[in-house]
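Here is a short tour to read with the model open beside you. Take a moment to turn the view around before going on.

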Amino acid sequence: MKPLPSLQIYIATAANDALERFWDESRKTVLRLVEMESSYLIVEFFRKLQMEPEKNGGNPTAPNNDRYTDNHLRRI
């Protein structure tokens, strides 16, 4: 490498560019994973939702086909 300093500079520049692209892609992937994790619904969410009374005066002990109306699905 000593006799070809321009080649050494070219390789170093290419390596730095590749590392920057890798860093950018890694950051995007981590942000996507964090977003996925934050929007992940756990079982407790549905248990609490089931325990909450309906907002429009609905009866939580009504049969299932009556309980799962548009308002119920919007809350989810």
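In this predicted model, L4, L7, Y10 and I11 together make a nonpolar patch on the surface, with an area of about 400 Å². One of these residues, L7, sits in helix α1. L7 counts as partly exposed because its relative accessibility is 35%, which lies between the 20% and 50% limits for that class.

Helix α1 spans residues 5-38, and it has further details worth a look. How many salt bridges does the structure hold? There is one, and it pairs K28 with E25. The closest N and O atoms of K28 and E25 are 3.9 Å apart, which counts because the cut-off for a salt bridge is 4 Å. In general, side chains of opposite charge can pair when their charged atoms come close. Both K28 and E25 belong to helix α1, where a spacing of three residues puts them about one turn of the helix apart.

Moving on to S38, you will find this residue in helix α1 as well. The S38 side chain reaches back to the backbone oxygen of E35, at 2.9 Å. Is S38 buried or exposed? S38 counts as exposed, because its relative accessibility is 54% and the class begins over 50%.

The table gathers the accessibility values for the residues discussed above.

| Residue | Relative accessibility | Class |
|---|---|---|
| L7 | 35% | partly exposed |
| E25 | 45% | partly exposed |
| K28 | 46% | partly exposed |
| S38 | 54% | exposed |

Now for the chain as a whole. It has four helices and zero strands, so reading from the N terminus the order of elements is α-α-α-α. The chain has 76 residues, and 7% of them count as buried. Its accessible surface comes to about 7000 Å², and carbon and sulfur atoms account for 60% of that area.

Finally, how far can you lean on the coordinates? The mean pLDDT of the chain is 79, and 71% of the residues score at least 70. Which helix has the lowest confidence, and which the highest? Helix α3, at residues 64-67, is lowest with a mean of 57, while α1 is highest at 93. As a general caution, predicted coordinates should not be read in detail where pLDDT is low.

How values were computed:
Residues numbered from 1 in each chain as written. Predicted model: local features only at pLDDT ≥ 70, side-chain atom pairs only at ≥ 80, totals over all residues. Heavy atoms only, no water. Helix = DSSP H or I, 4+ residues; strand = E, 2+ residues; numbered from the N terminus. Buried < 20%, exposed > 50% of the residue type's maximum accessible area, 1.4 Å probe, protein only. Polar contact = N/O pair within 3.5 Å; in protein donor to acceptor, adjacent residues only side chain to side chain. Patch = residues over 30% accessible without salt bridge, like charges linked within 9 Å, V, L, I, M, F, W, Y side chains within 5 Å. Areas by Shrake-Rupley, 256 points an atom, 1.4 Å probe, with all protein chains shown as cover. Salt bridge = Lys/Arg side-chain N within 4 Å of Asp/Glu carboxyl O. pLDDT = per-residue confidence, 0-100.
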